[in-house]
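Look over the sequence and the 3D view below before reading on. The notes that follow are grouped by topic.

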Amino acid sequence: MTRPIVAEQEEARLYGELQRALEDVEEGEQRQKILNHMIRQVKFTQWRTRRLRRFDQYFQNIRPASLWIMLATGALMPVVLFSIFIWVSLWVE
């Protein structure tokens, strides 16, 4: 299943949930709170879908050498930071 179809299904589920929630609640302040909450959820879902689409496009075009460089950098970063910490603590004493 592709990601846009999943996003559309999730958005449809959220709209259905919004409709059911609004049917259960009478007019007034509580209804407005539920409506605002559900609108935020839908907006977040749309935002997340756009962000994930950008990441997917980036990682589809990445070369294996770049991937290995990223992995090596991520694996060595804690060692480098710990070494700097030790060096600075010895220098301060």
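Are F82 and F85 buried or exposed? F82 is exposed, and F85 is exposed as well. The model shown is a predicted one. The points below cover the aromatic pairs, two surface patches and some distances along the chain.

**Aromatic pairs**

- The structure contains 3 aromatic pairs. In one of them, the ring centres of F82 and F85 are 6.5 Å apart and the ring planes meet at 35°.
- The pair of F82 and F85 counts as tilted because its angle of 35° falls between the limits of 30 degrees for stacked and 60 degrees for edge-to-face.
- F82 and F85 both belong to helix 3, where 3 residues, or about one turn of the helix, separate them.

**Nonpolar patch**

- A nonpolar patch of about 960 Å² lies on the surface. Its members are L76, M77, V80, L81, I84, W87, V88, W91 and V92.
- L76, one of these patch residues, sits in helix 3, which runs over residues 64–92. L76 has a relative accessible area of 52%, so it is exposed, the limit being over 50%.
- I84, also in the patch, is likewise part of helix 3. The relative accessible area of I84 is 45%, so this residue is partly exposed: the value lies between the 20% and 50% limits.
- Both values fit membership of the patch, because a patch residue needs over 30% relative accessible area: L76 has 52% and I84 has 45%.

**Positive patch**

- R50, R51, R53 and R54 form a positive patch on the surface.
- R51 is located in helix 2, which covers residues 29–60.
- With a relative accessible area of 34%, R51 is partly exposed. This value also passes the patch cut-off, because that cut-off is over 30%.

**Helix 1 and distances**

- E11 lies in helix 1, made of residues 3–24. E11 is partly exposed, its relative accessible area being 24%.
- What separates E11 from L71 in sequence and in space? The two are 60 residues apart in sequence, and their C-alpha atoms are 34 Å apart.
- I84 and I39 are 45 residues apart along the chain, with 47 Å between their C-alpha atoms.

Methods: Residues numbered from 1 in each chain as written. Predicted model: local features only at pLDDT ≥ 70, side-chain atom pairs only at ≥ 80, totals over all residues. Heavy atoms only, no water. Patch = residues over 30% accessible without salt bridge, like charges linked within 9 Å, V, L, I, M, F, W, Y side chains within 5 Å. Areas by Shrake-Rupley, 256 points an atom, 1.4 Å probe, with all protein chains shown as cover. Salt bridge = Lys/Arg side-chain N within 4 Å of Asp/Glu carboxyl O. Helix = DSSP H or I, 4+ residues; strand = E, 2+ residues; numbered from the N terminus. Buried < 20%, exposed > 50% of the residue type's maximum accessible area, 1.4 Å probe, protein only. Lys, Arg positive; Asp, Glu negative; His and termini not counted. Charge placed at Lys NZ, Arg CZ, Asp CG, Glu CD. Phe/Tyr/Trp six-rings, centres within 6.5 Å; stacked < 30°, edge-to-face > 60°.
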